[in-house]
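This report is meant for someone meeting the structure for the first time. Please keep the sequence and the model side by side while reading.

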Amino acid sequence: MNFKPSILLKNRHVQTVYASLYRRVLVKNFEIETFTLSDGDFLECYWKKIDNHTKMSPVVILFHGLAGSYKSPYIQGTVKELKEAGFSSVVMHFRGCSGKQNLKPRSYHSGDTQDAFEFIQAVSKRYPRAKIFAVGFSLGANMLLKLLGEKRSTCKLTAAVAVSAPMLLDKCATHINKGFAKFYQKILLKDLKRDLEKKYESFNMQQIISLQQNEIKKIKNFWEFDNVYTAPVHGFCSAQEYYTKSSSRQFLKFISVPTLVIHAQDDPFMPPDILPKYNEISSAVELEVSEFGGHVGFVSGSIFRPQYWAEKRVVSFFKTFLQQEVQKDI
């Protein structure tokens, strides 16, 4: 099931921004769960269950990208595809990403697997007879791959998919600070800096991270943001230590859950050499790399009648595990 865009959709930037510019909200009326974490903070998790949902219905947990949410086009499209295919799904918002500020000075980051692990285990305990799947996009994909490598068989997932994962964070932070990629960095940083500004309304952030509020606007790139906020507030001594410890590539060889990694060589967020060598991945990992696709793009069809290949690929991959179960019962 190879990805092939039309000629007019081959450009990496068209692939990356097309859905964001032209795709409408497809799914509404989610069932909202407030999930309490072990440290007293909370996550908002948006459920979209199939009409005949039972305790045995397959469930897919979705992890969004940096500054994403249930409104993100790739999340909306995937939830819609999953529901039509008979999967219930739930979008696990990272701390503070649902629109409600979380209760701690800290937030979330690319290597923060504990929150997701707690939620996965809770869903598995809630539905002990159901198959539980997970799909991550961008930052959520890196986090998911790291989690799978860290937790191995203790993670109660049947299978997982990672789309456009920044598997070497330092290289990605450097790459997105060059050329046209700075356009994406500026947009993402605007959201991150806005959220950091809000932290100063509730906490003594200057004491916690030694950054004056009026200095936030001077932050120009991810290296700077992660040095002054992400690293210190989450216990890292620097952005480099955060990137080194949180990059998922080093964990791929330990993954035991069947995992599909979808990636495009022309991803404008990251250089192609962040991809692992085949001797760096376990036999449970299937690496699917296309020449085109941009960052969480993978738009096929035509400009006027687009099709979102990655969303369909996620569904087809998970369906194989349901079919295997049916064959066992025959």
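In which kind of crossing does α6 pass α8? The crossing of α6 with α8 is left-handed, and the section that follows begins with this pair of helices. The reader should bear in mind throughout that the model is predicted.

## Helices α6, α8 and α9

Helix α6 covers residues 182-202 and helix α8 covers residues 222-233, and their axes, which come within 11 Å, cross at roughly 20°. The two helices, α6 and α8, are therefore roughly parallel to each other. On the α6 side the contact is made by Gln185, Leu188, Leu189, Leu192, Lys193, Leu196 and Lys199, while α8 contributes Phe222, Phe225 and Tyr229. Sorted by class, the residues of this contact between α6 and α8 comprise seven nonpolar, one polar and two charged.

Helix α8 also packs against helix α9, which spans residues 239-246, at an angle of about 90° and with the two axes 8 Å apart. For that reason α8 and α9 are roughly perpendicular to each other. Here Phe222, Trp223, Asp226, Asn227, Thr230 and Ala231 of α8 meet Ala239, Gln240, Tyr242 and Tyr243 of α9, and the contact of α8 with α9 divides into six nonpolar, three polar and one charged residues. Phe222 thus appears in the contact with α6 and again in the contact with α9.

## The eight-stranded sheet

The strands form an open sheet of eight, arranged in the order β1-β2-β4-β3-β5-β6-β7-β8 and with mixed pairing. At its edges are β1, residues 31-36, and β8, residues 285-290, each of which pairs on one side only. From one strand to the next, the twist averages 20°.

Two of the pairings can be followed residue by residue. Strands β1 and β2 run antiparallel and are joined by six bridges, with Thr34 having Glu44 in β2 as its bridge partner. These two strands, β1 and β2, form a hairpin with five residues between them, and Gly40 in the turn has a positive phi of about 95°. By contrast, strand β3, residues 59-63, and strand β5, residues 132-137, pair in the parallel sense over five bridges, and Phe63 stands opposite Gly136 in β5.

## Helices lying across the sheet

Helix α3 lies across β1, β2, β3, β4 and β5, and its direction is at about 170° to β3. Helix α4 lies across β3, β5, β6 and β7, and runs at about 135° to β5. Strands β3 and β5 are therefore among those crossed by α3 and also among those crossed by α4, with the strand limits being 159-163 for β6 and 259-264 for β7.

These helices also touch one another: the axes of α3, residues 114-126, and α4, residues 139-151, come within 10 Å and cross at roughly 70°, so that α3 and α4 are roughly perpendicular to each other. Their contact brings Gln114, Ala116, Phe117 and Ile120 of α3 together with Met143, Leu147 and Lys151 of α4. By class, the contact of α3 with α4 holds five nonpolar residues, one polar and one charged.

## A salt bridge between two loops

Over the whole structure, a search finds 19 salt bridges. One of these links Arg95 with Asp39, whose closest N and O atoms are 2.9 Å apart. Because Arg95 lies in the loop between β4 and α3, and Asp39 in the loop between β1 and β2, the pair ties together parts that are 56 residues apart in sequence.

Key:
Residues numbered from 1 in each chain as written. Predicted model: local features only at pLDDT ≥ 70, side-chain atom pairs only at ≥ 80, totals over all residues. Heavy atoms only, no water. Axes fitted to C-alpha atoms, helices over the stretch in contact; angles between N-to-C directions. Helix = DSSP H or I, 4+ residues; strand = E, 2+ residues; numbered from the N terminus. Parallel < 35°, antiparallel > 145°, perpendicular 65-115°, else oblique. Contact = heavy atoms within 4.5 Å. Nonpolar A, V, L, I, M, F, W, Y, C, P; charged D, E, K, R; others polar. Pairing = 2+ DSSP bridges. Left-handed = near helix turned anticlockwise from the far one by under 90°. Salt bridge = Lys/Arg side-chain N within 4 Å of Asp/Glu carboxyl O.
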